[in-house]
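Student: I would like to take one part of this model slowly, and then follow it outward into what surrounds it. Please keep the answer connected.

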Amino acid sequence: SGDEMTTVIVYVDDLLICGPVEQHIEDLIEYLQSKFKKLTVHRGKFHSYLGMMFDFDSKSDAVVIKMSGYIADLVNDYEITKTVTTPANNNLFKETNVEPLSERESKTLHTIVAKLLYLATRVRFEIMLAVNYLTTRVNKFNKGDWEKAMRVLEYLNGSQEIGLTLCIGEQGPT
């Protein structure tokens, strides 16, 4: 409407609606409610969407996106208790412990790598190098690859609250 734009992000049956004019958002919600009888609406500063927690801070024109719950579930599912300060060490690209994994272990590692890739492409870019390497190993996983994936999980265990801050304008967050 005029110079103001309302954005709707659609993923299957989830919508995220953002815009500078509250009335435009309300009008859109009313329209959707007239078309779809069962509609859940969440308003406010905090929104959970596809495993991400969005914290909209109107004071600094920024949004902080974290996946702390997703990470907590991941480290709990694989019983990770140790923490390390980096997602990989110097042997990331070296073949270590080439003993093959069982079919079950290989499927489990495939699932872990897929979950890590989801996390890395949304909020946790610093794990991308290690995760991308592991994706190249998907059809030939070995014990060394398992150890490398566990290291990424150990790193995440010690850094669950790190997120991504997106700002409007030339300044960073205040």
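Student: In the hairpin of S1 and S2, how many residues lie between the strands, and which residue takes a positive phi?

Tutor: This is a predicted model, and what follows should be read with that in mind. Two residues lie between S1 and S2 in the hairpin, and Val12 is the one that takes a positive phi, near 55°. On either side of that turn, S1 and S2 run antiparallel and are joined by five bridges; to place one of these pairs on the structure, look for Val8, whose bridge partner in S2 is Ile17.

Ile17 then leads from the hairpin to the largest pocket, since Leu16, Ile17, Cys18, His47 and Phe56 are the lining residues that lie nearest its centre. The pocket has a volume of about 1500 Å³ and a lining of 45 residues, which divide into 27 nonpolar, eight polar and 10 charged. Both hairpin strands, S1 (7-11) and S2 (14-18), supply at least two residues of this lining, as do helix H1 (22-35) and the strands S3 (46-49), S4 (52-57), S5 (62-66) and S6 (164-167).

The last four of these strands belong together, in an open sheet of four strands with the order S3-S4-S5-S6 and antiparallel pairing. Its edge strands are S3 and S6, each of which pairs on one side only, and neighbouring strands of the sheet are turned against each other by 20° on average, direction ignored. Within the sheet, S4 and S5 are joined by five bridges, while four bridges join S5 to S6. Ile65 can be followed across these pairings, for it is the bridge partner of Phe54 and is itself partnered by Leu164 in S6. Phe56, already met among the residues nearest the centre of the pocket, stands opposite Val63 in S5.

For a different kind of packing, turn to helix H3 (residues 103-122) and helix H4 (residues 128-136), which pack at an angle of about 145° with their axes 10 Å apart, in a crossing that is left-handed. H3 brings Val113, Leu116, Leu117, Ala120 and Thr121 to the contact, and H4 brings Met128, Val131, Asn132, Leu134 and Thr135. By class, this contact has seven nonpolar and three polar residues but no charged ones, whereas the lining of the largest pocket includes 10 charged residues.

Note on methods:
Residues numbered from 1 in each chain as written. Predicted model: local features only at pLDDT ≥ 70, side-chain atom pairs only at ≥ 80, totals over all residues. Heavy atoms only, no water. 1 Å grid on protein atoms, 1.4 Å probe; cavity = no way out; pocket = protein on both sides within 12 Å on 5 of 7 lines; lining within 4 Å. Points joined across faces, edges and corners; volume = space filled by probe spheres on them. Nonpolar A, V, L, I, M, F, W, Y, C, P; charged D, E, K, R; others polar. Axes fitted to C-alpha atoms, helices over the stretch in contact; angles between N-to-C directions. Left-handed = near helix turned anticlockwise from the far one by under 90°. Contact = heavy atoms within 4.5 Å. Pairing = 2+ DSSP bridges.
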